[in-house]
Amino acid sequence: MNMKKFAPAAMTALLFGSVVVPVASANEKPTETEQQNSQIQIDPVHIFNNTHGTVEKVDASENITYFTVKDGDQTNILEITKDTLVFDNTGKKVELKEGDKVVAYTFANKPQKLIYPPQFNPDVVIVETEEVGFVEVDYFFENLTNTYDVLKLNIGENTELLNEKGEKVAAKDLAEKHLVVFYTASTRSIPAQTTPSKVIVLDNESENSSENTVEEEIAAIIAKDSYEVDGTKMVPLRLIAEKLGYTVESTGKGAIVSKGNVSYTLTRGEKMFGFNKALRSLNAAPALLEANKTYVPVEFVEEYLK
């Protein structure tokens with residue numbers, strides 16, 4: 001997962017979003033412009049979407065487990081795979097279970113399905129425990145301070161340094177990266193300083209090979225097995241949906257495509273299709289273009305399945 005593109009965005013926001021306010025002496029009266037500038041608030045750099053709450057329901061499928069997380073009236077769904085990083089607040093690797101209080105961090109630039117309740121594929125999940133332990137998930141600059149100069153890392157001899165795969169890395173590999181930092185105490189200075197017990201680098205130099213493989217396989221399917229009907233590219237529903245982790249159940253007149261709390265009901269010859277308890281429309285109706293194979297507009301795959 002190469003997320004280095006966040007670094008320039010964070011730096012730009014810091015450089016151009018900052019306001020320099022002249023300091024007036026005891027005999028000087030601030031001008032009207034200075035008074036206005038002093039009241040300007042800087043919007044934070046939005047790197048991660050944070051999801052808080054308690055796990056109230058667990059739905060397991062073949063490749064993904066869906067955790068329903070509630071925080072008051074807010075409900076969110078977390079998609080957890082075998083590759084999702086899940087730790088408690090002390091840095092110990094744990095398994096998510098019903099009743100856990102969690103904070104999930106998802107890169108803000110990740111595509112998100114427009115469904116309710118909101119569904120996230122988090123990059124790291126932290127399970128809160130009663131043990132002493134703090135966690136900071138953020139971008140850290142070359143001097144190992146985070147985006148708003150709130151926390152500075154001092155790497156010690158006993159600090160465990162790992163990448164997402166659990167492989168050891170060196171202290172020099174932490175600079176200008178997105179990090180998960182586990183620590184128990186910090187100074188009261190500005191910025192606060194800490195010697196963390198563990199640091200995990202979220203930025204891999206190579207792209208996620210499994211994600212690339214799935215995308216390449218789907219592209220190959222479309223290139224080999226597709227039709228154009230009245231200007232709309234039609235692609236095989238089952239082959240693509242199952243590659244993306246969905247279950248496809250034939251209804252005789254179409255199919256029900258489902259994954260976790262998401263369900264689509266498509267009928268051949270009808271542009272309208274069921275999306276959970278709502279209805280949506282396609283530019284072209286699903287069709288039986290080959291024996292026992294339902295084809296759908298490629299827009300359905302791009303807008304709803306990915």
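**View 1. Tyr-264 sits buried in this predicted model.** Its relative accessibility is 1%, and because buried means under 20%, Tyr-264 counts as buried. Tyr-304 reaches 13% relative accessibility, so this residue counts as buried too. The structure holds 15 aromatic pairs. In the one between Tyr-264 and Tyr-304, the ring centres are 5.9 Å apart and the planes meet at 75°, so the pair is edge-to-face. The pair bridges distant parts of the chain: Tyr-264 belongs to strand E18 (residues 262-267) and Tyr-304 to helix H5, 40 residues apart.

**View 2. Tyr-304 also pairs with Phe-273.** The geometry here is again described as edge-to-face, with 5.3 Å from centre to centre and 85° between the planes. Phe-273 lies in strand E19 (residues 272-275) while Tyr-304 lies in helix H5, so this pair ties together parts that are 31 residues apart in sequence. Both Phe-273 and Tyr-304 are buried. If you widen the view, you can follow ring pairs that link Tyr-246, Tyr-264, Phe-273, Phe-275, Phe-300 and Tyr-304 into a cluster.

**View 3. Helix H5 lies across two strands.** The helix covers residues 298-305 and rests across strand E15 (232-236) and strand E22, running at about 75° to E22. H5 is mostly covered, with 6 of its 8 residues buried. The buried residues of H5 are Val-298, Glu-299, Phe-300, Val-301, Tyr-304 and Leu-305. Two of these names, Phe-300 and Tyr-304, will be familiar from the aromatic cluster.

**View 4. Four strands make an open antiparallel sheet.** Reading across, the order is E14-E15-E22-E21. Strand E14 (227-229) and strand E21 (287-290) are the edges, each pairing on one side only. From one strand to the next, the twist averages 45°.

**View 5. A hairpin joins E21 and E22.** Strand E22 spans residues 293-297, and 3 bridges pair it with E21 in the antiparallel sense. To find your bearings, look for Ala-287 opposite Tyr-295 in E22, then for Glu-290 opposite Lys-293 in E22. The hairpin has 2 residues between the strands, and Asn-292 takes a positive phi near 65°.

**View 6. Strand E5 is mostly covered.** This strand runs over residues 101-107, and 6 of its 7 residues are buried. E5 pairs with strand E1 (residues 48-60) through 7 bridges, and the two run antiparallel. Across this pairing, Thr-54 stands opposite Lys-101 in E5, and His-52 has Val-103 in E5 as its bridge partner. Strand E7 (residues 124-127) pairs with E5 as well, in the antiparallel sense over 4 bridges. Here Val-103 turns up again, standing opposite Ile-126 in E7.

**View 7. Strand E1 also pairs with strand E2.** The two form a hairpin, with 4 residues between them. E2 takes in residues 65-71, and 6 bridges join it to E1 in an antiparallel arrangement. A handy landmark is Lys-57, whose bridge partner in E2 is Thr-68.

Notes
Residues numbered from 1 in each chain as written. Predicted model: local features only at pLDDT ≥ 70, side-chain atom pairs only at ≥ 80, totals over all residues. Heavy atoms only, no water. Pairing = 2+ DSSP bridges. Axes fitted to C-alpha atoms, helices over the stretch in contact; angles between N-to-C directions. Contact = heavy atoms within 4.5 Å. Buried < 20%, exposed > 50% of the residue type's maximum accessible area, 1.4 Å probe, protein only. Phe/Tyr/Trp six-rings, centres within 6.5 Å; stacked < 30°, edge-to-face > 60°.
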